[in-house]
Amino acid sequence: MFWIVGGGAIVTGLQALGHNRAIDTLVYQLNHTPWQGLRYYDLIWPSFMLMTGMSLPFSYAKRSLTQTHGQIFLRVFRRAVVLFLLGSIRESVNLQHPYWVELSSALQPIGIAYFCAFLLVRKSWRFQAMVGASILVGYALLLALVPAPGVPAGSYQNGRNLVAAVDIAVLGRTHPEGWGTALSTIPTIATAILGLLIGELLRSNRPQRYKIRIMALVGVSCLVLGLAMDPIVPIVMKLWTTSYGLASAGWACLLFLAFYLVVDVRGYRTWTFPFVVIGMNAITVYMGRTLVPLGSVVDIFTRGPAAAIGSFGPLFQATMVLGVEWLILYWMYNRRIFLVA
C-alpha cells in the first residue's frame with residue numbers, strides 16, 4: 001500500500017533530480033508490465049490475494065468462538081458484495097462511465113476470491129491444494145486449447161485472445177489497456193487458496209523452522225515453475241496466465257516470508273509503524289486515491305514553492321502529498337477509525 005499511497009511518486013521525484021541505474025530500475029519496477037513479463041508492481045495485486053486468503057483461518061477461528069458457521073458465511077458474503085460494489089464505484093469513476101462489472105480492478109476479484117476461498121475453509125489442506133492446482137491447470141488448458149471467433153487456440157496476443165473474446169461476448173466490451181475481466185478472474189482464486197493454506201500453516205502448532213521451510217519451498221517452487229512455463233505459456237498479468245499466477249504467487253510468498261523473518265522471527269517491529277498506519281486503512285487508501293483529489297488540493301499550496309526549487313519540485317510535491325495522506329491515516333489510526341468492507 002505504501003507504493004499506492006505515494007511511495008511511487010517519491011521515487012519518480014528522485015528520478016527528476018538526475019538519472020542513475022538504481023533509481024531508473026526502481027521506477028521501471030514500479031510500473032506495470034505493458035504486456036508480457038513480470039515487474040515488482042505486478043506483484044501488488046497477487047500479494048493482496050495472498051493476504052486475503054491468509055487472513056481467513058485466523059478470522060474464522062476467532063469468530064467461531066461466538067458465531068455459527070452460517071453466521072460467518074453471511075458476514076463473508078456481505079463483505080464480498082461490498083468489495084464488489086466498491087470496485088464498481090472505483091472503476092466507474094476512473095473510466096468516467098458506469099461499470100457494474102470491471103474485474104480488472106483488484107477489489108472485485110478479491111471479493112470473489114475471498115468468498116470462494118471461504119467455501120474451502122473447513123476442508124482438508126489436500127483438498128484445498130487440489131482445488132487450487134486444478135484451477136490453474138484448467139485455466140491453462142482453456143487458453144491453450146479453446147479457440148474463439150477470429151482467435152486461434154493458444155493465442156496470448158493483446159486484444160486477440162480467448163479472455164478478450166469472452167469479455168466481448170459476455171460484457172460487450174474489452175478493457176482499453178487489454179486487461180482481462182470475466183475469464184481471468186478464475187485463476188486469481190488459486191492465489192487466495194494458496195494464502196488460505198499458508199494461513200493454516202501459520203496457525204498450526206508446527207515448529208517455526210518447519211513453517212519457514214515450507215513457505216520457502218512453496219515460494220521457490222511456484223516461482224521456478226511459473227518462469228519455466230513462460231516460453232510456452234507467457235507470463236501476462238493482464239490475462240492472469242497460469243505462468244503469471246504461479247510466478248507472482250511465488251514472489252508474493254517469498255516477500256511475505258522475508259517480512260515474517262524480520263518482524264515475527266527476529267522481532268524487528270518498530271520500523272514497521274508508518275506502514276502499519278497505512279495498512280490498517282487499506283480500503284481507505286485504495287478508494288481515496290480515486291474518489292478524493294487530495295493531490296490537487298495539496299498542489300494549490302505546493303505549486304509555488306515547487307516551481308521555485310527547480311528540479312527538486314516534483315520530489316517536494318510528492319513528499320507533501322504523501323505526508324498529508326499519512327497524517328490523515330494517522331489521525332484515523334489514533335481514533336481507531338478503520339474503514340473495512
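1. Burial. In this predicted model, 44% of the 341 residues of the protein chain are buried. The exposed area of the protein chain comes to about 17,400 Å², and 67% of that area is supplied by carbon and sulfur atoms.

2. Secondary structure and overall dimensions. The protein chain holds 14 helices and 2 strands. Its radius of gyration is 21 Å, close to the 20 Å given by the globule rule for 341 residues, so the chain is as compact as a globular protein of that length. The C-alpha trace spans about 60 × 55 × 40 Å along its principal axes.

3. Contacts along the sequence. Among contacts in the protein chain with a separation of 6 or more, 67% join residues that are 24 or more positions apart.

4. Charges. The protein chain carries 25 positive and 11 negative charges. The mean positions of these two sets lie 14 Å apart.

5. Leu136 and its burial. Leu136 belongs to helix H6, which covers residues 125-145. Is Leu136 buried or exposed? Its relative accessibility is 13%; because the cut-off for burial is under 20%, Leu136 counts as buried.

6. Surroundings of Leu136. Leaving aside residues up to four places away in sequence, Leu136 touches Pro187, Ala190, Thr242 and Leu246. Arg122 is 14 residues from Leu136 along the chain, and the C-alpha atoms of the two are separated by 21 Å.

Note on methods: Residues numbered from 1 in each chain as written. Predicted model: local features only at pLDDT ≥ 70, side-chain atom pairs only at ≥ 80, totals over all residues. Heavy atoms only, no water. Helix = DSSP H or I, 4+ residues; strand = E, 2+ residues; numbered from the N terminus. Rg over C-alpha atoms; globule rule 2.2 N^0.38 Å. Buried < 20%, exposed > 50% of the residue type's maximum accessible area, 1.4 Å probe, protein only. Contact = heavy atoms within 4.5 Å. Areas by Shrake-Rupley, 256 points an atom, 1.4 Å probe, with all protein chains shown as cover. Lys, Arg positive; Asp, Glu negative; His and termini not counted. Charge placed at Lys NZ, Arg CZ, Asp CG, Glu CD.
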